[in-house]
Amino acid sequence: MMFASTASPTPHLLPSLSSPLAPHHRHLSTLSSPFTSVPISPAHGRRILPSSVRATPGRVTPLRVSASSQAAAAEASAVSSVPAEMKAWVYGEYGGVDVLKFDPKVPVPEVKEDQVLIKVVAAALNPVDAKRRQGKFKATDSPLPTVPGYDVAGVVVKVGSQVKELKEGDEVYGDINEKALEGPKQFGSLAEYTAVEEKLIALKPKNIDFVQAAGLPLAIETAYEGLERTGFSAGKSILILNGSGGVGSLVIQLAKHVFGASRVAATSGPRNLELLKSLGADLAIDYTKENFEDLPEKFDVVYDAIGQCDRAVKAVKEGGSVVALTGAVVPPGFRFVVTSNGEVLKKLNPYLESGKVKPVVDPKGPFSFAQVAEAFAYIETNRATGKVVIHPIP
Ligand SMILES: NC(=O)c1ccc[n+]([C@@H]2O[C@H](COP(=O)([O-])OP(=O)(O)OC[C@H]3O[C@@H](n4cnc5c(N)ncnc54)[C@H](OP(=O)(O)O)[C@@H]3O)[C@@H](O)[C@H]2O)c1
């Protein structure tokens, strides 16, 4: 147990007045798009994928239309405000930023028994979105075409029959893909709607807005899981490589303010040294001027969020742990891939609500929905500070 407090998850939250729940039901026959010409089969009312989102033969699984008529009938009141199709970003082949296409007529995803449908208010990018789009995980990816996006913050507009706690109107956030690299969903969060298992999400902390919330899930769950896997606990020291990125900015805060680290050091470029200190770092190391492994000081844990495990192992104390998120691993370092888990968000919500842990949103953002390709290009520079968030979503 790593927490100083065992505060229970937040009670049910009412949607704020600003929640964008205004229904905007559209009829298929009235759909038109300046971006794509999307033929719709009159027999089934189903969309035929445009060539822009068709991929190699054999790899394309057409996106399916919304819930079955039975399920829809059972939840008629909820469904009535959810359109059949939505605006989304889609790619039908792996490649650079240019494979991303805006598509105004993507079917709203089907909601399974254990899932909720979220009206997306804000979404965030992670490096995994770019790597996935580049085809780096194609062996374990879901079939193309893909609506990208792991992180979401939004409002529940529909619940599956086995959903236990969440209800329509709840403001939620989460990482929609339980296993980041194993069959991530075909319908991601860079869309007006996304469907996600109840167990992967949590109520949004009351004090933060949707933009801040969208940037948290994958990064904070990675930060937390990595610390747990090292057996991190109060009184230990830690060095974080890349303290200014999405994950590292949260590792600093969790180590210091949740786990009770005795000493926190972190690396960044010169422009983010003050940020590291404001988040809780006792020592901020400018990687352009100093080699952290040459410091006389060694650490109980080194958290490598940049891919420098060969150097990280030189900065750890005898018997200490080195956890790596990316790149080649050198013993005793180990690597893991994050598992999305709403319970982690629920545990951490009190720390977010008390302000002990703060979301860090890159000041170049939030990027509008029209700027998703620019946002991808930006995160791919590897220069983002904190999280790259997309808002508003139409
Ligand atoms: N295994 C997993 O489950 C998992 C989960 C999440 C993320 N990851 C991976 O972990 C890595 C970090 O993710 P992230 O979301 O935190 O990335 P990020 O936000 O894109 O990281 C960008 C930051 O990296 C800093 N940086 C660049 N070169 C650096 C260096 N040599 N030393 C220290 N900092 C440097 C940049 O600072 P400057 O601009 O000052 O250079 C920038 O602030 C990515 O490779 C990601 O794919 C893996």
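## Where helix 5 meets helix 9

Which residues in helix 5 meet helix 9? They are Pro217, Ile220, Glu221 and Tyr224, and on the helix 9 side their partners are Val344, Leu345 and Leu348. Bear in mind that this is a predicted model.

As for geometry, helix 5 and helix 9 pack at about 85°, and their axes sit 10 Å apart. That makes helix 5 roughly perpendicular to helix 9. Sorted by class, the contact of helix 5 with helix 9 has six nonpolar residues, no polar ones and one charged.

## The overall setting

Zooming out, the protein has ten helices and 16 strands. It runs to 394 residues, and 50% of those count as buried.

If you take the contacts between residues at least 6 apart in sequence, 71% of them join residues at least 24 apart.

## Helix 5 up close

Helix 5 has 13 residues and reaches 18 Å from its first C-alpha to its last, close to the 18 Å expected at 1.5 Å a residue. Ten of the 13 residues are buried, so helix 5 is largely enclosed by the rest of the structure. The buried ones are Pro217, Leu218, Ala219, Ile220, Glu221, Thr222, Ala223, Tyr224, Gly226 and Leu227.

What covers them? The cover for the buried residues of helix 5 includes strand 6 (151-159), strand 7, strand 13 (299-304) and strand 14 (316-324), along with helix 6 and helix 9. Just after helix 5, Gly231 takes a positive phi of about 70°.

## Helix 5 against helix 6

Now for the other helix pair. The axes of helix 5 and helix 6 come within 9 Å and cross at roughly 50°. That makes helix 5 oblique to helix 6, and the crossing is right-handed.

From helix 5, the residues involved are Ala219, Ile220, Ala223, Tyr224, Gly226 and Leu227, and they meet Leu250, Val251, Leu254 and Ala255 in helix 6. By class, this contact of helix 5 with helix 6 has nine nonpolar residues, one polar and no charged ones. Two names turn up in both helix pairs: Ile220 and Tyr224 of helix 5 meet helix 6 and also meet helix 9.

## A look at Ala223

Ala223 sits in helix 5. Is Ala223 buried or exposed? The residue is buried: 30 other C-beta atoms lie within 10 Å, and the cut-off for counting as buried is 20 or more.

Leaving out residues up to four places away in sequence, Ala223 touches Val247, Leu250, Val251 and Leu254. Leu250, Val251 and Leu254 are among the helix 6 residues that helix 5 meets. There is a long-range link to look at too: Ala223 and Leu325 are 102 residues apart along the chain, yet their C-alpha atoms are separated by 9.7 Å.

## Helix 9 and its surroundings

Helix 9 (residues 342-353) has twelve residues and reaches 16 Å from first C-alpha to last, close to the 16 Å expected at 1.5 Å a residue. Nine of those twelve residues are buried, so helix 9 is largely enclosed by the rest of the structure. Here the buried residues are Gly342, Val344, Leu345, Lys347, Leu348, Asn349, Pro350, Tyr351 and Leu352.

Which elements do the buried residues of helix 9 pack against? Two are strands, strand 7 (171-175) and strand 9 (201-203), and two are helices, helix 5 (217-229) and helix 6 (248-258). Just after helix 9 comes Gly355, with a positive phi of about 85°.

Definitions and conventions
Residues are numbered from 1 along each chain as its sequence is written. This is a predicted model: local features need pLDDT of at least 70, side-chain atom pairs count only at pLDDT 80 or more; totals for chains, interfaces and linings use all residues. Helices (H or I, at least four residues) and strands (E, at least two) are DSSP runs, numbered from the N terminus. The expected span of a helix is 1.5 Å times one less than its number of residues. Two residues are in contact if their C-beta atoms, placed from the backbone, lie within 7 Å. Axes are lines fitted to C-alpha atoms, for helices over the stretch in contact, and angles run from 0 to 180 degrees between N-to-C directions. Angles under 35 degrees count as roughly parallel, over 145 as roughly antiparallel, 65 to 115 as roughly perpendicular and the rest as oblique. A crossing is left-handed if the near helix is turned anticlockwise from the far one by less than a right angle, and right-handed if clockwise. Ala, Val, Leu, Ile, Met, Phe, Trp, Tyr, Cys and Pro count as nonpolar, Asp, Glu, Lys and Arg as charged, and the others, Gly among them, as polar.
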